[in-house]
Amino acid sequence: MTTTGIESWAVDLAEVGAIYPFQGTEWLWVIIGLATWIGWHVWCVNWEKSYHEEKIQQFGDKSKIEEALEED
């Protein structure tokens, strides 16, 4: 079974064109990559927001956090 359409390697590859598998699906991989990248960023933003809200609840209100930062 071949996915490139090449039945024999005894040809001039310069005339054949692309020889990698799944030719023509580059657009699909770009869309999958972009969706994964955007999804990862959305997940990161939500995770960081919940993490920081948890820390604020753990250490108190905003004035206590500012006091702790000023002490350093």
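**Exercise 1. Find which residues make the nonpolar surface patch of about 1000 Å², and say where Trp40 sits and how far it is open to the surroundings.**

Solution. The nonpolar patch on the surface covers about 1000 Å² and is made by Val30, Leu34, Trp37, Ile38, Trp40, Val42, Trp43, Trp47 and Tyr51. A patch takes residues with over 30% relative accessible area and no salt bridge, and it joins nonpolar side chains (Val, Leu, Ile, Met, Phe, Trp, Tyr) within 5 Å, or like charges within 9 Å. A salt bridge, in turn, is a side-chain nitrogen of Lys or Arg within 4 Å of a carboxyl oxygen of Asp or Glu, and accessible areas come from the Shrake-Rupley method with a 1.4 Å probe, where for residues only the protein chains shown count as cover.

Next, place Trp40: this residue belongs to helix 2, which runs over residues 26-59. Helices (H or I, at least four residues) and strands (E, at least two) are DSSP runs numbered from the N terminus. Finally, Trp40 counts as partly exposed because its relative accessibility is 47%, given that buried means under 20% relative accessible area, exposed over 50%, and partly exposed in between (1.4 Å probe, protein chains only).

The structure is a predicted model, in which local features need pLDDT of at least 70, side-chain atom pairs count only at pLDDT 80 or more, and totals for chains, interfaces and linings use all residues. Residues are numbered from 1 along each chain as its sequence is written, and side-chain values use heavy atoms, with hydrogens and water left out.

**Exercise 2. Determine which residues gather in the patch of negative charge, and describe the place of Glu67.**

Solution. Asp61, Glu66, Glu67, Glu70 and Glu71 form a surface patch of negative charge. Here Asp and Glu count as negative and Lys and Arg as positive, while His and the chain ends are not counted; the place of a charge is taken as NZ of Lys, CZ of Arg, CG of Asp or CD of Glu. Glu67 is found in helix 3, residues 62-71, and is partly exposed because its relative accessibility is 46%. For the whole chain, there are 4 positive and 13 negative side chains, and the centres of these two sets lie 18 Å apart.

**Exercise 3. Work out whether the chain is spread out or a compact globule.**

Solution. Begin with the elements: the chain has 3 helices and 0 strands, in the order α-α-α from the N terminus. The radius of gyration is 27 Å, well over the 11 Å that the globule rule gives for 72 residues, so the chain is more spread out than a compact globule. This radius is taken over C-alpha atoms, and the rule is 2.2 Å times the number of residues to the power 0.38. The C-alpha trace spans about 75 × 20 × 15 Å along its principal axes, and buried residues make up 3% of the 72 residues.

Within helix 2, Ala35 has its C-alpha atom 34 Å from that of Gln58, 23 residues apart along the chain.

**Exercise 4. Describe the phi angle and the surroundings of Phe22.**

Solution. Phe22 has a phi near 60°, which is a positive value in a residue other than glycine. Phe22 lies in the loop between helix 1 (13-16) and helix 2, and is exposed because its relative accessible area is 53%.
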